[in-house]
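Q: Hi! Could you walk me through this structure? I'd like to hear about the ligand, some helix packing and any odd backbone spots.

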Amino acid sequence: MAAKLRLYNTLTRSKDDFVPIDPENVRLYVCGPTVYDYAHIGNARPIIVFDLLFRLLRHVYGKQAVTYVRNITDVDDKINARAARDCPGMPHNEAIRVVTGKTEEQFHADIRALGVLMPEDVNEADQPPRFVEPRATEHIDEMRMIIERLIARGAAYVAEEHVLFSVSAMQNLSGVPKYGAFSKRSLDELLSGARVDVAPYKRDAMDFVLWKPSGPQDPAWASPAGIQTPGRPGWHIECSAMAWRHLVQAFETRLTCADPNAREIFDIHGGGIDLVFPHHENEIAQSCCAFETPRMANVWMHNGFLQVEGEKMSKSLGNFFTINELLQDWPGEVLRFNMLRTHYRQPIDWTVKGLEESEKTLDRWYELAGRGETAFVSDHIVDALSDDLNTPKMLAELHALDGQSAHEELGANLRALGFLLEGAEAWKARKQSALNVDAAQVQALIAARKEARASKNWPESDRIRDELAALNVVVKDNKDGTTTWEVAR
Ligand code: AMP
Ligand code: ZN
């Protein structure tokens with residue numbers, strides 16, 4: 001019998017036993033990407049971490065008992081700016097659809113390579129969907145409904161065609177949490193943070209936008225609250241609306257929950273640690289005030305940040321990597337494995353050395369494990385994961401199986417974890433073909449170097465040697481006049 005599931009909860013700041021509201025309908029929401037550009041390797045962290053949680057919950061509660069919602073944010077001012085830049089002259093709505101469509105497709109291809117379950121992998125034709133990937137633009141009605149409810153309760157107001165959430169009004173409502181309680185910020189602190197550049201239509205510096213009027217370059221929908229000018233939603237309201245639609249309203253007739261106050265509450269809400277404030281604080285404010293609940297979700301989980309070779313990842317430092325770029329150098333499973341070597345709440349230092357070690361381990365396990373069933377067959381593995389997704393411990397348990405020559409067991413667990421999705425032969429062939437692509441380039445460089453040497457152009461020959469070195473290729477000039485090479489990995 002495996003141990004009880006325990007999860008660290010940002011709401012209580014402690015690791016607690018997980019008690020689902022309805023064990024037959026465990027409900028999980030994770031804030032997904034804003035689709036305006038390639039996702040970077042930091043964005044892959046919540047995707048992989050919550051994919052793992054989804055897999056574990058399906059194992060513990062049953063495949064039909066878990067619903068996972070991971071949204072796509074396809075309305076955002078960054079998207080508008082990108083559409084104007086990339087598609088000049090195109091009608092603006094069309095340009096926005098081009099940007100979001102292309103980015104979403106790329107995102108799916110990237111994360112599929114990371115061994116992440118997709119809706120089509122888990123949804124069955126005759127069952128309610130268990131994995132929903134809603135788009136914000138398809139939930140404008142729900143956003144307007146929540147905004148109208150907030151206005152009716154006095155928690156939001158209209159000013160200069162905007163709708164704003166009123167933080168001070170929330171403090172006077174009963175049955176809802178206090179604003180700031182979730183992120184543990186006092187109003188004084190929040191106020192001093194918010195005082196920079198306050199929009200003139202705000203009654204209070206801390207108030208945040210639920211809806212704003214659209215200019216000619218912005219996507220626009222009919223506004224709520226009798227506002228004549230068409231407008232668009234703020235970011236935070238999108239998640240409140242999508243979570244409500246797919247985890248509350250969709251379960252209205254299915255939920256057997258003992259506590260009637262829990263009707264509008266779901267089980268787990270996740271995202272990166274940077275979302276605690278303001279995004280999750282504001283989601284909670286909106287949902288709790290609209291539905292008069294003490295909580296939006298029972299458990300809040302946040303992954304730590306990813307940094308690269310000990311430094312913050314940023315474009316200006318030149319250490320910014322998209323998932324797509326990394327997939328050109330490493331199999332997706334190596335990226336996935338490397339991500340899981342660090343506990344999800346710790347910061348992770350993403351290094352080439354770590355990737356090399358990850359690849360070495362997977363090379364070995366591909367050889368050993370062979371093909372076979374896909375299931376969490378070892379209590380030790382499930383126990384490690386049940387302890388707040390303790391993946392370093394889980395990997396130690398996998399190494400122990402390897403050491404005991406329990407290779408069938410090793411393989412079954414690895415497949416359940418999203419690894420070894422192909423046989424060892426296919427793995428080797430794929431790695432080889434990645435090298436072959438390089439091979440053509442390497443051969444061309446070697447030929448150019450030979451030519452440079454023949455014409456005694458030493459600087460050019462040195463430059464080419466450096467270029468080869470940068471590709472991690474070691475060149476050897478043999479006594480018989482031939483040149484051979486190998487990849488130094
Ligand atoms: P964004 O598109 O910036 O809203 O981010 C999408 C998701 O990726 C959010 O859950 C963020 O918290 C998460 N995220 C962004 N950057 C990083 C990072 N460097 N490390 C870990 N998670 C990140
Ligand atoms: Zn969100």
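A: Happy to; we can take the topics one by one.

Q: Any ground rules first?
A: This is a predicted model: local features need pLDDT of at least 70, side-chain atom pairs count only at pLDDT 80 or more, and totals for chains, interfaces and linings use all residues. Residues are numbered from 1 along each chain as its sequence is written, chains are lettered from A and ligands numbered from 1 in the order in which they are written, and side-chain values use heavy atoms, with hydrogens and water left out.

Q: Great. How many residues surround ligand 1, and which are the closest?
A: There are 13 residues around ligand 1, and the closest are G42, N43, G272, D274 and L306. A residue counts as near if one of its heavy atoms lies within 4 Å of the molecule.

Q: Which polar atoms of D274, G272 and N43 come up against ligand 1?
A: For D274, a polar side-chain atom lies 2.4 Å from an oxygen atom of ligand 1. G272 uses a backbone N or O atom, 3.1 Å from a ligand oxygen, and N43 has a side-chain N or O atom 3.2 Å from an oxygen of ligand 1. A polar contact here is a pair of N or O atoms within 3.5 Å; within protein, one must be able to donate a hydrogen and the other to accept it, and residues adjacent in sequence count only if both atoms are side-chain atoms.

Q: And how much of ligand 1 does the protein bury?
A: Taken alone, ligand 1 exposes 490 Å², and the protein buries 84% of that. Those areas come from the Shrake-Rupley method with a 1.4 Å probe.

Q: Which elements supply the shell around ligand 1?
A: Helix 1 (41–61) and strand 10 (266–272) each give at least two residues, and helix 1 has the largest share, with 3 residues. Helices (H or I, at least four residues) and strands (E, at least two) are DSSP runs, numbered from the N terminus.

Q: OK, helices now. How do helix 13 and helix 14 pack?
A: Helix 13 (residues 379–386) and helix 14 (residues 391–403) pack at about 170 degrees, with axes 8 Å apart. The axes are lines fitted to C-alpha atoms over the stretch in contact, and angles run from 0 to 180 degrees between N-to-C directions. The two helices are therefore roughly antiparallel, as angles over 145 degrees count as that, under 35 as roughly parallel, 65 to 115 as roughly perpendicular and the rest as oblique.

Q: What about helix 5 and helix 8?
A: Helix 5 (residues 140–152) and helix 8 (residues 235–248) pack at about 105 degrees, with axes 9 Å apart, so helix 5 and helix 8 are roughly perpendicular. The residues in contact (heavy atoms within 4.5 Å) include M143 and I146 of helix 5 and A241 and W244 of helix 8.

Q: W244, nice. What does E264 touch?
A: Leaving out residues up to four places away in sequence, E264 touches W244, V248, F291, T293 and M296. E264 sits in the loop between helix 8 and strand 10, and its side chain makes a polar contact of 3.4 Å with that of R263.

Q: Last one: where is the cis peptide bond?
A: It joins F277 and P278, with omega about 5 degrees, and P278 lies in helix 9 (residues 276–291).

Q: And which phi does A225 have?
A: A225 has a positive phi of about 60 degrees, although it is not a glycine. A225 is in the loop between strand 8 (208–213) and strand 9 (231–233). Most residues other than glycine have a negative phi, and most peptide bonds are trans.
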